[in-house]
Amino acid sequence: QDPQISCRRDGTRCRRIIEIAVTVHETPNWRGGPRTGVGSGFLERIARKIIEAEENEINPLDLDLRVPMFRGLMANPLAREFVTDGPMLLIGAGVGVAPFRGFVQRRLKSANCANKVWVLQGIRDSLLDELYGGEWGVDEEKVRTVVQSRTGEGIYVQDEVRRQADLVWFVINALDGRIFVCGSSKGMGEGVERALVDVVMDKASLNREEAERFWEQKKSDKQYISLALRTELGRIPVVEKGKWVKWESSHRIIR
C-alpha cells in the first residue's frame with residue numbers, strides 16, 4: 001500500500017491488488033512464425049489461464065499461478081518527481097498511459113490541483129485498445145484528450161502535442177510545472193520530443209539547436225521526465241520459404 005506506487009488505483013486499499021497493462025511484443029521466428037517476448041509472453045500466458053479458468057467456473061486462486069516481482073525503492077521517475085502543486089501534463093501512448101491513472105486520481109482529490117492536470121493519450125482505435133475510459137475522475141473530458149491513429153482523422157499523440165502548443169508552453173514555464181512522457185512503441189518518445197522541440201521553436205522563436213538545449217535543461221531541472229521505451233540495435237531472423245536465411249539488423253524494444 002505504498003502511496004507512491006503508480007499503478008495503485010483509487011479504492012484498492014487493503015485489496016492487495018496491482019494492475020499491470022502489457023503490450024505483447026512479437027518478432028519473426030526463424031522457423032517462419034511469430035516469437036513472443038519473454039516477459040510479455042509470460043504475462044499473456046498467465047492471463048489466458050485465468051480467463052480460461054473463469055470461463056470454466058474455476059477459482060483462479062486454485063491454480064496457484066505466480067508472478068515473480070522485485071520492487072525497487074522509488075525507482076519510478078513519476079513517483080520521484082511527483083509534486084503536490086503545480087500544473088502537470090502527462091503524455092502517453094498505448095500501455096504507456098498506465099502509470100498516469102493513479103496519479104491523476106490522486107491529484108484530483110486535492111482542491112489545489114483543480115484544472116492543473118492534463119492527459120494526452122494516443123491510441124490506435126478506441127473500440128480496440130483504449131485503456132481506463134471512465135476512470136479519470138468526474139471531469140474526465142476536461143482532463144483527458146484521446147487521439148486515434150487508425151480511425152477518424154488518424155492523429156498520433158505527437159500531432160496532438162503540436163496542437164496543444166499553448167498548454168505545453170504554459171505547463172513547462174509554470175512554477176513547479178512538469179511534463180511526463182511514457183510510451184509503448186518504437187519512435188513514440190522520439191516523436192513526442194520532436195513535437196516538443198517544434199513547440200518551443202514556435203513559442204520562443206528559437207532555432208532547433210536552441211530548442212533542443214531548452215528541453216535538455218528542463219530534463220536537468222526535473223521538469224521534463226521521459227519514461228518512453230528506448231530502442232536498441234538488435235538482430236531479427238530473415239526467413240524465406242520457412243527456412244532461416246540470415247540475421248538482419250533491426251531495432252527492438254527494451255526497457
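**How α9 packs against α8 and α7**

In this predicted model, E193, L196, V197, D198, V200 and M201 of α8 touch R208, A211, E212, F214, W215 and K219 of α9, with contact meaning heavy atoms within 4.5 Å. Sorted by class, the α8–α9 contact holds seven nonpolar, no polar and five charged residues (Ala, Val, Leu, Ile, Met, Phe, Trp, Tyr, Cys and Pro count as nonpolar, Asp, Glu, Lys and Arg as charged, and the others, Gly among them, as polar).

Residues are numbered from 1 along each chain as its sequence is written. Local features need pLDDT of at least 70 and side-chain atom pairs pLDDT 80 or more, while totals for chains, interfaces and linings use all residues, and side-chain values use heavy atoms, leaving out hydrogens and water.

Now for the geometry. The axes of α8 (residues 188-204) and α9 (residues 208-220) come within 9 Å and cross at roughly 115°. Axes here are lines fitted to C-alpha atoms, for helices over the stretch in contact, with angles running from 0 to 180 degrees between N-to-C directions. The crossing therefore makes α8 roughly perpendicular to α9 (65 to 115 degrees; under 35 is roughly parallel, over 145 roughly antiparallel, and the rest oblique). It's a right-handed crossing, the near helix being turned clockwise from the far one by less than a right angle.

What about α7? The axes of α7 (residues 165-173) and α9 come within 12 Å and cross at roughly 45°, which means α7 is oblique to α9. V168, W169 and I172 of α7 meet F214, W215 and K218 of α9. That contact has five nonpolar, no polar and one charged residues.

Note on methods. Helices (H or I, at least four residues) and strands (E, at least two) are DSSP runs, numbered from the N terminus.
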